[in-house]
Amino acid sequence: MKVSTRVPLSKAVRRGNLLAADCPSREVLKQFTSRWGVLVLLVLKTRTHRFAELRRPVGGVSERMLAQTLQWLEGDGLVLRQAFDVVPPHVEYSLTPLGREAAERVRQLADWIEVRLGDVLAQRAVQEAA
């Protein structure tokens, strides 16, 4: 009896390989997990924000870096930019369904970091003392 060597379609669809130098997933990972990308996703997880409203809770981010981060996240389909044709200009940013899913994953990582921060800082102190 001959055994079929056909691979089911679900397995044939190639996943990214973040460990490979030329994997396009790395570019998404870079934008998604940048310091500002993570913080923007966390803030937008709460509600839709205008640019200035978004900048306030993301302490330390420059206008230029925030604008660039929003462009990257919009380009990756995580953030929706909605411009209203009014004077003065009015632009709102919100998460897309994909962005909401990403923000939830980022929130889990952020929660872990905040819970385990004491352990990490203690380990740093041990390493610095050695």
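These questions and answers go through a predicted model, from its strands to its helices and salt bridges.

Student: How many bridges join strand β2 to strand β3?
Tutor: Strand β2 covers residues 79–84 and strand β3 covers residues 90–95. The two strands run antiparallel. The number of bridges that join them is six.

Student: Through how many residues does the hairpin join β2 to β3?
Tutor: β2 and β3 run antiparallel. The link between them is a hairpin, and its number of residues is five.

Student: Which residue in β3 stands opposite Arg 81?
Tutor: Arg 81 falls within residues 79–84, the range of β2. Its counterpart in β3 is Tyr 93.

Student: What span should helix α5 have, at 1.5 Å a residue?
Tutor: Helix α5 runs over residues 63–75, which makes 13 residues. The expected span is 1.5 Å times one less than the number of residues. The end C-alpha atoms of α5 are 18 Å apart, and this agrees with the expected value, 18 Å.

Student: Which residues of α5 are buried, and what arc do they cover around the axis?
Tutor: Buried means under 20% relative accessible area. The buried residues of α5 are Leu 66, Thr 69, Leu 70 and Leu 73. They lie on the same side of α5, because the arc they cover around the axis is only 100°.

Student: Which residues are exposed on the other side of α5?
Tutor: Exposed means over 50% relative accessible area. The buried residues, Leu 70 being one of them, take one side of α5. On the other side the exposed residues are Arg 64, Gln 71 and Gly 75.

Student: Is Leu 121 buried, partly exposed or exposed?
Tutor: Leu 121 sits in helix α6, residues 97–129. It belongs to a nonpolar surface patch with Leu 109, Trp 112, Ile 113, Leu 117 and Val 120, and together the six have about 550 Å² of accessible area. The relative accessible area of Leu 121 is 44%, so it counts as partly exposed.

Student: How many salt bridges does the structure hold?
Tutor: Side chains of opposite charge can pair when their charged atoms come close. One of the salt bridges here joins Glu 53 and Arg 47, at 3.8 Å from N to O. In total, the structure holds seven.

Student: How far apart in space are Glu 53 and Val 43, C-alpha to C-alpha?
Tutor: Glu 53 lies in helix α4, residues 51–55, and is partly exposed at 29% relative accessibility. In sequence, Glu 53 and Val 43 are 10 residues apart. In space, their C-alpha atoms are separated by 9.7 Å.

Student: Which residue forms a salt bridge with Arg 105?
Tutor: Arg 105 is exposed, because its relative accessibility is 55%. Its partner lies four residues away in helix α6, about one turn of the helix. The partner is partly exposed at 46% relative accessibility. The N to O distance of this salt bridge is 3.8 Å, and the partner is Glu 101.

Student: How far apart are the closest N and O atoms of Arg 116 and Asp 119?
Tutor: Arg 116 and Asp 119 are three residues apart in helix α6, so about one helical turn separates them. Arg 116 is partly exposed at 37% relative accessible area, and Asp 119 is partly exposed at 43% relative accessibility. The two form a salt bridge, with their closest N and O atoms separated by 2.6 Å.

Conventions
Residues numbered from 1 in each chain as written. Predicted model: local features only at pLDDT ≥ 70, side-chain atom pairs only at ≥ 80, totals over all residues. Heavy atoms only, no water. Pairing = 2+ DSSP bridges. Patch = residues over 30% accessible without salt bridge, like charges linked within 9 Å, V, L, I, M, F, W, Y side chains within 5 Å. Areas by Shrake-Rupley, 256 points an atom, 1.4 Å probe, with all protein chains shown as cover. Salt bridge = Lys/Arg side-chain N within 4 Å of Asp/Glu carboxyl O. Buried < 20%, exposed > 50% of the residue type's maximum accessible area, 1.4 Å probe, protein only. Arc of directions from axis to C-beta.
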